[in-house]
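Colleague: Please pick one part of this model and take me through it closely. Keep it brisk, and explain each term when it comes up.

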Amino acid sequence: MTGQPAPAEIHKSPSKRRGLFHKGKHAAQPAELKALAHQMVDALTDDEKEEAARSSFKYLWKSVTSKEVSKELLEERDFYAAQMAMRHLASKKGNVEVALEKLQNAIAFRKEHDLDGLRLCFSADKLDLDEETKERYSLYREKLSDRMTTGRVYVCGYDKQGRSIYTIYAARTRDFEREWFLKESLYNFERALACTERETGGLEECITVIGNYTGFQSKHAAPMSISHEFMNGLRQNYPGRVKHVFLLNTPTSFRFFWSMLKPFIGTDTRKKISFVGSSEKQREQTFRELVTVDQAAPWMVKGGRKTKEFDAEEYLKGKNFDEAFD
């Protein structure tokens, strides 16, 4: 016995622990489901296959920066499209017909909301774009830069499995302008997925959501129509993408909002939601199992080292899309 405290556990990328960082290796999938997923992909048009594959940011970046459509790129396209198909297939218990319809609806959702553009807009200077696209990306940069100054939601840190942490500061809500409230939320959700993909080398597909409701009042609650639209969008188009949801220090004023929102949240998702009180003991019990001290904010665990004040300029312009805020 030395009398010295044990050293704090420090996060190490799962992909580096397993020697798979950016090697493109993925966990094995059940053979039968894989075959059904490829059957679903075969039913898609080439444009749908490309859009589905681009749900992987790694593939999206390779696709938009490749000078030619090689055989290797097409094989990767089909692989990542099958990954998206697999998630919808799993959510529908192997029912191919229903899963295919859901997959095609999700592909349409991605195009409707221009998720490629949201993810690429801050890298426009690295891409060969036409004038219309440049103008659209410029608008996206302007809107996101303005909205994100409050730090309402952003990606900060990773849990012990390398899943990125989609962090919500509920009391920092500024306004509820529908289109860009939703786009800001989707931008950060997609960024969290990209960060997980990079951090784990594709071994994990899920993210962790942690909402800090300290200081939350009824005026911070989004209109039910917007909340419903966002939650339903996640439910229909992102199956199997959220591993845990922790809501910390929710006040009494949140209960009415929650009672209205709860029916719109899927049964499986509701099982993943945990309410965490304000006591240090409860927070420690919850978050010590989830995250190492270097990846935690002080309000998660005692001694948490994520103390840097959010800087939207650094987050949006100083980091790659698949990197979390330090």
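Modeller: Start with one term: a residue is buried under 20% relative accessible area, exposed over 50%, and partly exposed in between, using a 1.4 Å probe and protein chains only. The model is predicted, so local features need pLDDT of at least 70 and side-chain atom pairs count only at pLDDT 80 or more, while totals for chains, interfaces and linings use all residues. Residues are numbered from 1 along each chain as its sequence is written, and side-chain values use heavy atoms, with hydrogens and water left out.

The part to look at is helix α9, residues 178-200. Helices here are DSSP runs (H or I, at least four residues), strands are runs of E (at least two), and both are numbered from the N terminus.

Begin with a salt bridge, meaning a side-chain nitrogen of Lys or Arg within 4 Å of a carboxyl oxygen of Asp or Glu. The structure holds 28 of them. In one, R110 pairs with E190, and their closest N and O atoms are 2.9 Å apart. This pair ties together distant parts of the chain: R110 sits in helix α6 (residues 96-112), E190 sits in α9, and 80 residues separate them. Is this pair buried or exposed? Both R110 and E190 are buried. Nor do the two stand alone. A network of salt bridges links them with E50, R54, D116 and R119.

Another bridge stays within the helix. E179 bonds to K183, with the closest N and O atoms 3.3 Å apart. The two are 4 residues apart in α9, which means about one helical turn lies between them. Their surroundings differ in accessibility. E179 counts as partly exposed because its relative accessibility is 37%. K183, at 10%, is buried.

Now the nonpolar side. A nonpolar core is a set of buried Ala, Val, Leu, Ile, Met, Phe, Trp, Tyr and Cys residues joined through side-chain atoms within 4.5 Å. In soluble globular proteins, nonpolar side chains tend to be buried together. The largest core here has 74 residues, and Y166, Y187, F287 and Y315 touch the most other members. Helix α9 gives this core its largest share, 10 residues. Apart from it lies another core of 22 residues, including Y80, A81, A85 and A99.

Take Y166 as an example. A contact means heavy atoms within 4.5 Å. Leaving out residues up to four places away in sequence, Y166 touches V153, Y154, S185, N188, F189, A192, I207, T208, V209, I210 and F230.

Next come the empty spaces. They are found on a 1 Å grid over the protein atoms alone: a cavity is a set of points where a 1.4 Å probe fits but cannot get out, a pocket is an open set with protein on both sides within 12 Å along at least five of seven lines, and lining residues have an atom within 4 Å of a point. Points are joined across faces, edges and corners, and a volume is the space filled by probe spheres set on the points.

The second largest pocket holds about 450 Å³ of space. It is lined by 31 residues, and F57, W61, N320, F321 and D322 are the closest to its centre. Four elements give two or more residues to this lining: α4 (57-65), α7 (115-120), α9 and α14 (312-317). Which element gives the largest share of this lining? It is α9, with 5 residues.

There are also 4 cavities of 30 Å³ or more. The largest cavity has a volume of about 170 Å³. Its lining has 14 residues, and S56, R87, E197, E205 and R241 lie nearest the centre. Both α5 (71-91) and α9 supply at least two residues of that lining. Here the largest share, 4 residues, comes from α5.

So what does α9 take part in? It holds one end of the R110–E190 pair. It gives 10 residues to the largest nonpolar core. It also lines the second largest pocket and the largest cavity.
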